[in-house]
Each structure stands twice: as C-alpha cells, then as structure tokens.
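Biologist: I'd like to learn how to read strands and helix packing in a model like this one. Could you walk me through it?

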Amino acid sequence: MTTSDHQGSSLFASLILFVTASTICTIYQRRKKTSCKTAASGEEFNRALALRKQHVPNAVSLSYANTSPLMILRGKGAYLFDHNNVQYLDTRNNVAHVGHCHPAVVSAVTKQCSALNTNTRYLHPFVSELAAKLIAKANPGSRSGLTKVFFVNSGSEANDLALRLVHAKTGSWNMITIEGAYHGHTNSCINISPYKYLAGKKPLGQSASVRMVPAPDLFRGEFRPSSTMSEEDCGSKYAKYVQTAANSFGYGNLGGFIMEGGMSVAGVILPSLSYMQQAVECVRSHCGLYIADEVQTGFGRFGSSYWGFQHGNDCIFPDIVTVGKPFGNGMPLAAVITTDAVAEAFDANSVEYFNTFGGNPVCASAGLATMNVVDVENLQQNALDIGLFLKKQFISLKGDLDIIGDVRGSGLFLGVELIRDVTTLEPADVETSFVCSVLKNKFHILTSIDGPHENVIVIKPPMVFSIANAQHFVSCFRTACLLLKEQDMTTIGKTPT
C-alpha cells in the first residue's frame, strides 16, 4: 500500500471515528435532555408522594405537608419550578448560594464529571486550589492564622470534625454552646445543639460535658437595648454567662465555645461585637478554642463581610471555622479551616483522617466555581444592597402592620419576627404559619419559619436575589398580613417549611 493509500485510509478512519463520536454525543445529549424531568402528571405526583409515605420515615420532614407538598423538578436563579411548571420565588434556599443551576457551576461540574471523580487519596489540582482559595478568604493579610483545610461532605461532618480537633488540642470534650443553636445531626453535634437535644417528645437532655448559655437576643432576651443600656452593654451582660459556664468546668478543663456567625434556627440572632470579644476572651483565658460555625452564613451572605464572624469585627479570629451548605451551590461540599497549631495537635494525637468523598474532584470544581461567581458577579455587594433595601422596606411595613415586632439581620440573612402584643411580645406563631401558607399558595413565594417560638420569617435567598424580587416579596408579604384580619386562626395548623 502506498503512502497516499495509508493517508487516505487513515483519513477515512478518522472521519468514521468523528462521525461515530458525534452521533454518540448527539444521542447522549438528547437522552440527557429527555431524562431531566421538568414536568409530571398528577398521577406521577401522587405516586411519588405515596412512595415517600411508604418508604421514608415520618421523622424526615416534608415542606408544606399540612397543605400540599411541592414536587420541585427544576430551578433557575432565584426560582424553583414544580411538577406543573409553576414558578416559585425562593426566599429561603441558602444552599443554592449563587442561584439554582448557575451556568458556571453546572458547566464546571459537568466537565469534571466527564473527566474523573474518585476518592480523595490522589493529588488533584482542584482540591489544592480550593484549599488555597478558602485560606485566602479566611486569612486576609495573614492576620487570622487560619492556614489548614480539611474537606468533608456536610456541615454536620464539619462540626463533628471540629469537635475532634478541639479535643486533640485541649484534651477536653467540654463545650459551651448557645441556647437555640443548631450545629448538625451527628451524635456529637446534637450534643452541642440545644435546638435538637431539648426538642421532641422525649428530649435527649443536656450532656454533662456541655454548658448552654442564653442567646444574645436583643429583642425578647433578658437584656434589651434601652435608654440606659446600649446594644454593646447588653452584649457584655450576655457574655458574663459564658464566663460563668467556663468557670464551672474549672481552669484548663474547657475544650471550646461554638458560635454561629448568625443563628438561623434561633430566629436570626447576630452576636454583638462586645459579646464576641468578651466571650472569646473568656474562653481563651480558660485555654479553650473558639469555633465559628459558618455553615449558614459564610461566603458573603451578610454583605458587610465574607464571613459571619467578621460582621462588625476585624480583630477576633476563630481557632476553627466550619463551612458547608452554600459551598458547592447544591453539591455535597463542606470544610473545616483551622490553624497550624490545631492541625499539628490533631496530627500528633489522632489517627489518620480520611474522608472518601470530602472534597472530591467534582465537588471541588463546584466549590471553585461557586466562590468565583461570588467574586466575579459581585454577589457580596448585591447581598448588602438588596439586604439594606429589604430591611428598610420591612421596617417601613412595621409602622403599618402591628404584627411585625422586629426586623433584624444583615445582607441576605434577615429575620422578621411576628408578634401579637407589643408589650408582652406574645409570639404570633399561628399567624406566621398562615402568612407562610398564603405566600406559597396565593403568590408562589417560598419562605422559611424559624425561632424558638416558630414566629420568625427567615429570609436567606440565593445571592442573585434582585430588587424586583425584593419588591415583589415585600408587596405580597404585606397583602398576606392584611388577610389575617379575615381569617379564623383556630383553623390554622403549623406549616412545616
């Protein structure tokens, strides 16, 4: 065979391969499009609900189960779409941090899925780059001393590991936690989560190794701002409870103190600067460590700062930071960030740490893309701007609607607390459920209810939430509240959100 024959044969073979590959790719894309379910019949909805009731335990809650559960099949930006392709404005999903199905995240994940996903024992550039990117955000100007990262799959795993790090460094499991706090669903996390261990028909109760201190609640807590007491004065008084708790363990016996950057299930409670300073100073004077739980609030949600612990503070840095929920924009990705000293103590005192999928290449690609979108699209600034607008609008509504007791928070992490009486601050829990149901059923707006009395509307939407979204939300919220006058509250049940 001549050289030209070889070339012709090679060219023909290449053409065949190209056509075959193109055909396979086209078939794959078509199948991918058709396999992504975006609508379903009533029969399919009923089947899905029946199967869930049959096979999923009741302990796993379903949103809006008291009215009509939502079967969500698609998301885009600040919107979710149900099985009938009805569009819902999402004011509650801080997991889809940069918006549902953001193209940059989808592209990064899809591309990496087609290349590799495996366990984390191998070197991969995305994992290393993600660690460096996290440290750059957690250790600005090399001031915090936060230099090491462990990757895990969830916020619960992150806080569970953080407790092990505390023990490795201090030799103690003794912890101080805050009333109403929630840090995860593992046994060790439930032990430091009053929201869980004090709940249920048979509460687990508080472990002997845990001390719970009052939440620094400036609206209905023991200490509230007045003409004679500033917010910072209140913070100082709340911090004294931390001192008492640390003293109760005896000097040198405290493991640590865990505090959320913003307490979500407690009803959007943001610690004041004086509280943080004095509480952390006290903990460290007892040789304990400070864990900042940023699972709910990290990555720019406060607008004022990238991390919740930085809100109004540029001088107190945690020994350990835990991140999760929004990190992968829906992919299971979380991390523990800590100092050299803590990491070295863990290396010396503990067994090898291995997490099969924590920070795997696909999830790492999602984390890199998510963090990049926050920066490139200036979403931290958007959170600040939209948050200020929302806060101003709700404070304005407060003048017209007696049911609004307090508006608090920062950026796109806000709480609107509903009350029945301005003097007693009686919680309007049933009314809150009604408002939530009206927003969902009448206006197709999804909201979240939290707080110890289940009377706080928590606003934590995707960070792409716009002025138009905010205006629509406030307008519909006002209408829903006005409808309360026409409603018999004895007929309203709790709305699980």
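Biologist: Let's start with a strand pair. Which residue is the bridge partner of Val-323 in E10?

Modeller: Before anything else, keep in mind that this is a predicted model. For a strand pair, look up the partner residue first, then the direction. Here Val-323 has Ala-335 as its bridge partner in E10. The two strands, E9 (residues 320–323) and E10 (residues 334–339), run antiparallel and are joined by four bridges.

Biologist: And what sheet do E9 and E10 belong to, in what order?

Modeller: Read a sheet as a list of neighbours. This one is open, with seven strands in the order E4-E10-E9-E8-E7-E5-E6, and its pairing is mixed. The edges are E4 (146–152) and E6 (210–213), each of which pairs on one side only. From one strand to the next, the twist averages 20°. Helix H10 (residues 340–349) packs on the sheet, where it touches E4, E8 (289–293), E9 and E10. The direction of H10 makes about 105° with that of E10.

Biologist: Now E12. Is that strand mostly covered or mostly open?

Modeller: Check burial residue by residue, then split the strand into its two sides. E12 (residues 413–418) is mostly covered, with six of its six residues buried. One side carries Phe-413, Gly-415 and Glu-417, the other Leu-414, Val-416 and Leu-418, and both faces are covered.

Biologist: Which strands is E12 joined to by bridges?

Modeller: Take one partner at a time. E11 (residues 404–410) runs antiparallel to E12, with six bridges between them; Ser-410, for instance, is paired with Phe-413. Two residues lie between the strands of this hairpin, and Gly-411 takes a positive phi near 60° there. E12 is also antiparallel to E15 (residues 456–459), this time through four bridges. In that pair, Leu-414 has Ile-459 as its bridge partner.

Biologist: On to helices. At what angle do H3 and H11 cross?

Modeller: For a helix pair, read axis distance, angle, handedness and then the residues in contact. The axes of H3 (residues 103–113) and H11 (residues 361–376) come within 8 Å and cross at roughly 155°. So H3 is roughly antiparallel to H11, as angles over 145 degrees count that way. The crossing is right-handed.

Biologist: Which residues of H3 meet H11?

Modeller: On the H3 side they are Ala-104, Val-105, Ala-108, Val-109, Gln-112 and Cys-113. Their counterparts in H11 include Pro-361, Ser-365, Ala-369 and Val-373. By type, the residues of the H3 contact with H11 are 10 nonpolar, three polar and no charged.

Biologist: What is the angle between H4 and H11?

Modeller: Go through the same checklist. H4 (residues 125–138) packs on H11 at an angle of about 35°, with the axes 9 Å apart, and this crossing is left-handed. Among the residues making the contact are Phe-126, Leu-130 and Lys-133 of H4, with Ala-364, Leu-368 and Asp-375 of H11. The contact of H4 with H11 divides into eight nonpolar, three polar and four charged residues.

Biologist: One last single-residue case: is Val-280 buried or exposed?

Modeller: Look at the relative accessible area, then at the contacts. Val-280, in helix H9 (residues 273–285), has a relative accessible area of 2%, so it is buried. Leaving aside residues up to four places away in sequence, Val-280 touches Tyr-290 and Ile-316. For a longer-range view, Gln-54 is 226 residues from Val-280 in sequence and 48 Å from it in space, C-alpha to C-alpha.

Methods. Residues are numbered from 1 along each chain as its sequence is written. This is a predicted model: local features need pLDDT of at least 70, side-chain atom pairs count only at pLDDT 80 or more; totals for chains, interfaces and linings use all residues. Side-chain values use heavy atoms; hydrogens and water are left out. Buried means under 20% relative accessible area, exposed over 50%, partly exposed in between (1.4 Å probe, protein chains only). Two strands pair if DSSP finds at least two bridges between them. Axes are lines fitted to C-alpha atoms, for helices over the stretch in contact, and angles run from 0 to 180 degrees between N-to-C directions. Contact means heavy atoms within 4.5 Å. Angles under 35 degrees count as roughly parallel, over 145 as roughly antiparallel, 65 to 115 as roughly perpendicular and the rest as oblique. A crossing is left-handed if the near helix is turned anticlockwise from the far one by less than a right angle, and right-handed if clockwise. Ala, Val, Leu, Ile, Met, Phe, Trp, Tyr, Cys and Pro count as nonpolar, Asp, Glu, Lys and Arg as charged, and the others, Gly among them, as polar.
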